[in-house]
Every structure is written in structure tokens, then in C-alpha cells.
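Here are my notes after going through the coordinates you sent. I've kept them short and in the order I'd look at things on screen.

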Amino acid sequence: MLIKNLLDIMKIKYFNYLILSSILFLSCNTSRDLKEVKKSKDPIVIDGFYNESAWNDAEWHDINNLWLGKPFTKDDFEGRYKLTWDDEALYLLVEIKDDVLVNKFSNPLERWWDEDCVEIFIDEDNSGGDHQFNHNAFAYHVDLEGNVVDIIAKDTPKLFNDHVISERVTLDNTSYWEFKILLFNDSFTYNNLDARVKPVANKKIGFALAYCDNDTSEHRENFVGSVFVEGPDRDRGWKDAGIFETIVLTE
Ligand SMILES: [Ca+2]
Ligand SMILES: [Ca+2]
Ligand SMILES: [Ca+2]
Ligand SMILES: [Ca+2]
């Protein structure tokens with residue numbers, strides 16, 4: 001009798017363990033899927049027109065996680081993106097529907113986050129970790145004129161126009177942005193292009209994307225990201241590469 005009771009308790013414990021493991025596995029999987037990025041067979045021309053076959057073959061992914069601001073409507077903001085790569089660079093196509101485009105500062109280094117901009121987060125070796133004042137990862141803000149800004153130290157924003165080349169085509173409320181993103185490892189120092197890394201098959205990269213939406217305000221109204229961030233402080237991508245997701249380059 002005693003042995004039977006013990007066996008029953010063990011069975012219940014094992015069953016609970018299986019349930020808990022399944023829940024943990026599912027919750028990890030839903031928040032951080034490994035995204036496959038297929039190699040382009042043809043050169044990608046950065047012109048804002050997505051007529052290359054690689055764009056046709058790639059899947060859309062949503063930009064729909066509110067990181068800052070109030071919940072938004074589809075009339076206010078809607079965004080999605082695709083990725084591809086070749087031996088030179090990672091390529092990104094972004095479709096943004098935004099009712100008002102705000103381009104208010106002539107100096108690209110002035111409050112770049114309060115204008116409409118696409119923010120591209122890249123962690124070349126997928127290490128995660130802090131990147132606030134170092135180049136363990138990059139947070140490239142690309143404004144409506146194609147200027148690229150990241151900070152290299154406290155209160156020290158710099159232009160990175162040689163890291164990300166882009167073109168945008170806008171019709172009514174819809175913009176298509178095409179980006180060529182060069183990769184640099186964490187030994188990068190400003191103006192040192194020796195740290196450049198070429199993409200190769202099976203390479204894993206930390207990646208996230210976000211859009212700063214301002215329409216009529218002094219400061220940005222919403223900040224909407226491609227990945228779900230847990231906790232009260234969801235605006236952490238600019239300093240914490242741990243919130244990025246992992247993409248893997250495939251042939
Ligand atoms: Ca193109
Ligand atoms: Ca808007
Ligand atoms: Ca890194
Ligand atoms: Ca806007």
C-alpha cells in the first residue's frame with residue numbers, strides 16, 4: 001500500500017514536471033523564435049522599390065509591440081518588414097503606414113528620436129548584453145533623409161551613414177524603405193572600418209527593429225518594436241541587446 005502511494009505521488013510529480021516543462025518551452029518559443037533569413041540570388045538595388053526576387057520570396061514580419069506611448073490605431077501606425085542577405089551585407093525592407101511624417105530638425109544629431117525614424121538594432125555576434133556606450137551592438141536611427149545616428153559614448157551622438165545605406169519611396173501614407181546594413185564586430189571604434197564582418201551562411205545575428213512615430217507633438221508619440229519586451233521598461237533596445245531576437249542566415 002505504502003509503495004503504491006509512493007508510486008502515485010511520483011507519477012503526479014512527473015506529470016506536473018512535464019506540464020511545467022511544456023509551458024516553459026512554449027513561452028520561450030513564442031517570445032524568441034529563431035528567424036531564418038534567406039540569401040538573395042540577385043543583387044539588391046537600394047532604391048526603395050522592392051522588385052527583387054529575394055523580396056518576393058521573403059516573409060513579412062510585423063512591427064506591432066508598443067515600447068513607449070499610448071496604444072495606436074491602424075490609421076496612426078502600421079509596420080512590417082522583410083530581411084535578406086548576400087556576401088556583402090544584410091538587407092532590410094520596411095513597409096510603414098503613418099498618417100503624418102515629421103521631419104523637424106535640420107541637424108540630424110538633434111533629438112533624432114523625436115522625428116519619425118526607423119531604428120535598426122544589430123548585434124553582430126548575437127552576444128546580447130549592454131551596448132549603451134560601446135559597440136557590443138548598434139542602434140541605428142535612420143531619419144526621413146537617410147541620416148543614421150547612434151551614440152558612441154555618453155551624450156555623444158555620431159553619424160553612421162557609411163554603415164546603413166537606404167532609400168525611401170512614399171506614396172500617400174505608405175512608405176517603403178530599403179536598407180543595406182553593413183556588419184561590424186564589437187572591436188569597432190568610430191571611423192575604424194577594419195572591424196567590418198562579411199555575412200556567411202549559418203551566421204546568427206541579434207536583430208530588432210522599431211519605429212518612432214511622431215505626428216503633431218513636441219516629443220515622439222509612440223515607439224513600436226518588432227519584438228515583445230517583458231517588464232515595465234520596454235524601451236531598452238538602445239542599451240540592452242538582450243531584448244533582440246536571433247536571426248540565422250541560410251543559403
Ligand atoms: Ca530595390
Ligand atoms: Ca502616426
Ligand atoms: Ca555583440
Ligand atoms: Ca508620424
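Which protein donors hold the calcium ion (ligand 1)? Keep in mind throughout that this is a predicted model.

1. **Calcium ion (ligand 1).** The donors come from five spots: backbone oxygens of Val45 and Phe49, an OD atom of Asp47, and two OE entries each for Glu52 and Glu178. They lie 2.3 to 2.9 Å from the ion. Along the sequence the spacing reads V-x1-D-x1-F-x2-E-x125-E. The site ties together distant parts of the chain: valine 45 sits in the loop between β1 (35–38) and α2 (53–57), while glutamate 178 is in strand β11 (residues 174–181), 133 residues apart.

2. **Buried or exposed at that site?** Take valine 45 and glutamate 178 in turn. Valine 45 has 48% relative accessibility, so it counts as partly exposed, just under the 50% that exposed residues have to exceed. Glutamate 178 has a relative accessible area of 0%, so it is buried.

3. **Calcium ion (ligand 4).** Here the protein donors are OD atoms of Asp98 (listed twice), Asp116 (also twice), Asp213 and Asp215, plus the backbone O of Val100 and of Asn214. Their distances to the ion run from 2.3 to 2.7 Å. Written as a spacing pattern, the donor residues go D-x1-V-x15-D-x96-D-N-D. Again distant parts of the chain are linked: aspartate 116 belongs to the loop between β5 (90–98) and β6 (117–123), and aspartate 213 to strand β14 (residues 204–213), with the two positions 97 residues apart. Both aspartate 116 and aspartate 213 are buried.

4. **A calcium neighbour.** What sits 3.8 Å from the calcium ion (ligand 4)? It is another calcium ion (ligand 2), and aspartate 98 coordinates both. Worth having the two ions on screen together when you look at aspartate 98.

5. **Aspartate 155.** Now for the backbone. Most residues other than glycine have a negative phi. Aspartate 155 has a positive one, near 55 degrees. You'll find aspartate 155 in the loop between β8 (148–153) and β9 (156–159). Its relative accessibility is 68%, so it counts as exposed.

6. **Asparagine 202.** This residue is not a glycine either, yet its phi is positive, at about 75 degrees. Asparagine 202 is placed in the loop between β13 (196–197) and β14. With 61% relative accessibility, it counts as exposed because the cut-off is over 50%.

Conventions: Residues numbered from 1 in each chain as written. Chains lettered and ligands numbered in written order. Predicted model: local features only at pLDDT ≥ 70, side-chain atom pairs only at ≥ 80, totals over all residues. Heavy atoms only, no water. Donors = N, O, S within 2.8 Å, 3.2 Å for Na, K, Ca; no water. Helix = DSSP H or I, 4+ residues; strand = E, 2+ residues; numbered from the N terminus. Buried < 20%, exposed > 50% of the residue type's maximum accessible area, 1.4 Å probe, protein only.
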